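Grab a pencil and keep the viewer open. Here are a few exercises to work through, each with its solution.

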Amino acid sequence: MCALDAVLVAHYYVDGALQDLADATGGCVGDSLEMARFGRDHPACTLVVAGVRFMGETAKILSPDKRVLMPTLEATCSLDLGCPAAEFDAFCNLHRDRTVVVYANTSAAVKARADWVTTSSTGLDIVRHLHAQGEKILWAPDVHLGRYLQAQTGADMLLWNGSCIVHDEFKSVELEILRQEHPGAKVLVHPESPAAVIAQADVVGSTTQLLQAAGRLEAGEFIVATDNGILHKMRQAQPNKIFIEAPTSGNGATCKSCAHCPWMAMNSLDQLAATLAAAQRGDATQDIRVDPDLARRARRPIDRMLAFAAARKTPPPSFATQGSQGMGPA
């Protein structure tokens with residue numbers, strides 16, 4: 001076993017200080033697809049994943065010989081929690097004629113039951129591909145993303161009823177009021193949001209695609225409907241533009257926009273330092289472990305997604321305008 005030799009992989013939703021540290025030390029700041037690719041391909045012996053648990057599990061599945069640490073193992077995801085493996089397996093068994101496609105925001109056990117894994121950046125292309133092959137799809141867990149993909153592709157999709165506690169809270173009426181207050185602003189929306197919020201978007205896409213849109217579009221103001229952790233990178237990349245959080249509450253509320261994942265917020269510099277110090281001492285309490293047999297089964301649909309994305313050569317996303325949203329290529 002090699003020395004610690006660690007590299008930091010951080011999601012756009014974690015604290016800005018962790019994102020800056022990852023950038024400054026040769027690590028990666030990205031969405032779940034970028035994190036998966038980077039961790040798999042980087043030569044470091046140890047991956048430190050600042051994000052939520054399914055991201056650490058995915059890193060371990062793709063790099064079984066590497067050590068995978070997280071600043072906190074308590075950081076989970078409402079989509080993961082809302083799709084228990086045993087219940088999902090029973091649901092799949094009732095619909096064996098369908099191709100099982102699961103979102104990356106799921107446990108290793110749920111991924112192991114799937115035919116495909118997708119991220120928000122690959123989902124549209126993969127569902128469109130499967131629909132063109134005449135396949136009927138069983139989708140889990142995010143119902144809003146599933147409905148969006150179904151509307152965009154016309155695919156026959158049976159949807160698991162899960163949602164993200166952050167994106168589910170965006171309010172369409174309040175967003176319309178905010179748009180009236182900022183008539184020149186472009187609206188950037190993550191597809192885990194409710195349909196009435198997506199309907200007001202100028203661009204619908206993954207975190208990476210929303211960042212790219214903020215740089216590409218000429219507007220001076222943007223209303224952003226996703227976790228507010230992404231605003232750190234948006235403001236760094238576009239310091240002359242104004243980024244406004246989409247509303248999650250109405251007038252009189254103590255928090256007009258509370259769009260931040262409580263589990264992403266559990267990651268901190270102090271916890272990262274403590275995790276690395278403990279790992280150096282041989283303490284393995286913050287190590288991610290995945291049963292090897294389960295990991296082998298979960299890796300198949302993940303590899304299928306990564307191969308599909310690589311075959312597309314990840315061209316720049318084709319941003320949609322209001323009334324014809326699309327996430328673009330992976």
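**Exercise 1: the sheet**

Keep in mind that this is a predicted model. Work out how strand E9 (residues 186-189) is joined to E10, and which strands stand at the edges of the sheet.

Solution. Start with the pair: E9 and E10 run parallel, and two bridges join them. For a landmark, find Val-189, which sits opposite Val-204 in E10. Now widen the view: the open sheet has four strands with parallel pairing, in the order E10-E9-E11-E12. Strands E10 (203-204) and E12 (242-245) each have a single partner strand, so one side of each has no neighbour in the sheet. Last step, look for helix H11 (residues 207-216): it lies across E9, E10, E11 (221-225) and E12, at about 165 degrees to E9.

**Exercise 2: two sides of a helix**

Find which residues of helix H9 (residues 172-181) are buried, and what covers them.

Solution. Pick out the buried ones: Glu-174, Leu-175 and Leu-178. Their arc around the axis is only 100 degrees, so they fall on the same side of H9. Flip to the other side of H9 and you meet Val-173 and Gln-180, both exposed. The cover over the buried residues includes E9, helix H10 (195-198), E11 and E12.

**Exercise 3: one alanine**

Decide how Ala-274 counts: buried, partly exposed or exposed?

Solution. First place Ala-274: it is in helix H13 (residues 269-280). Its relative accessibility is 45%. Buried needs under 20% and exposed needs over 50%, so Ala-274 counts as partly exposed. Finally, check Pro-71: it is 203 residues from Ala-274 along the chain, yet their C-alpha atoms are separated by 7.8 Å.

Terms used:
Residues numbered from 1 in each chain as written. Predicted model: local features only at pLDDT ≥ 70, side-chain atom pairs only at ≥ 80, totals over all residues. Heavy atoms only, no water. Pairing = 2+ DSSP bridges. Contact = heavy atoms within 4.5 Å. Axes fitted to C-alpha atoms, helices over the stretch in contact; angles between N-to-C directions. Buried < 20%, exposed > 50% of the residue type's maximum accessible area, 1.4 Å probe, protein only. Arc of directions from axis to C-beta.
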